[in-house]
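Reader: I have a new model open and would like to go through its labels with you. Could you walk me through the reasoning behind them?

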Amino acid sequence: MGDNSLIEWKTVYSVSIPAIDAQHQELINLTNCLNQACMNGTESGRIYFQKVVHELVQYVKFHFSAEEKLMERIGFPGLAEHKKEHEHFVKKVLEGVKNFESGKAIVPNTFVRYLLDWIVTHIAKTDQKYGAYIADNKIKVLPEDV
Ligand SMILES: [Fe+2]
């Protein structure tokens, strides 16, 4: 189970808001941990997977609400659409966790691959939109906006 293809945060992913960039790095970091946990097919690997997946769920919720708060503060017109993407992802993650915990034969590797792909695509494409909006409108983001 699992594969070695860890993902890395790259400077091109930057939304030019240090606090958000740091959150994206942590999100990637947690998902990489999950990927590693997949490679360990033992009972302790399963327990570790469960622990990290819960951390990830908490962090995803924290991060999404920080982003949504920011988009609201800056009057970003794409907020509703962006929120929908977040909600869809949270739903998929919770579904995966539920299946995993009910002992359903989910393939953790496929689940983690989905998480990695979604997170990278979202950071690289969707999040760039509010980054560009901030830059285009020369909005000054204050620490309390994030
Ligand atoms: Fe986002």
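**Reasons behind the labels**

Author: Happily! Let us begin with S16, which is called exposed because 12 C-beta neighbours lie inside 10 Å, and the cut-off for exposed is 12 or fewer. Please keep in mind that this is a predicted model.

Reader: Thanks! Where is S16 found, and what is its phi?

Author: S16 lies in the segment before α1. Its phi is near 65°, a positive value in a residue that is not glycine. Most residues other than glycine have a negative phi.

Reader: Why is K138 called exposed?

Author: K138 has 6 other C-beta atoms within 10 Å, and exposed means 12 or fewer, so K138 is exposed. This residue sits in the segment after α4, and K138 also has a positive phi, about 50°, although it is not a glycine.

Reader: Now to the interior. What makes up the largest nonpolar core?

Author: That core has 14 residues, and L34, F49, V52 and L56 touch the most other members. At least two residues come from each of α1 (18–38), α2 (43–73) and α4 (108–136). The largest share, six residues, is supplied by α1.

Reader: Which residues does L34 touch, not counting those up to four places away in sequence?

Author: With those set aside, L34 touches F49, V52, V53, L56, V112 and L115. Contact here means C-beta atoms within 7 Å.

Reader: Which residues does the second, separate core include?

Author: That core has eight residues, among them V15, L70, M71 and Y130. In soluble globular proteins, nonpolar side chains tend to be buried together.

Terms used
Residues numbered from 1 in each chain as written. Predicted model: local features only at pLDDT ≥ 70, side-chain atom pairs only at ≥ 80, totals over all residues. Core = buried A, V, L, I, M, F, W, Y, C linked by C-beta atoms within 7 Å. Buried ≥ 20, exposed ≤ 12 C-beta atoms within 10 Å, placed from the backbone. Helix = DSSP H or I, 4+ residues; strand = E, 2+ residues; numbered from the N terminus. Contact = placed C-beta atoms within 7 Å.
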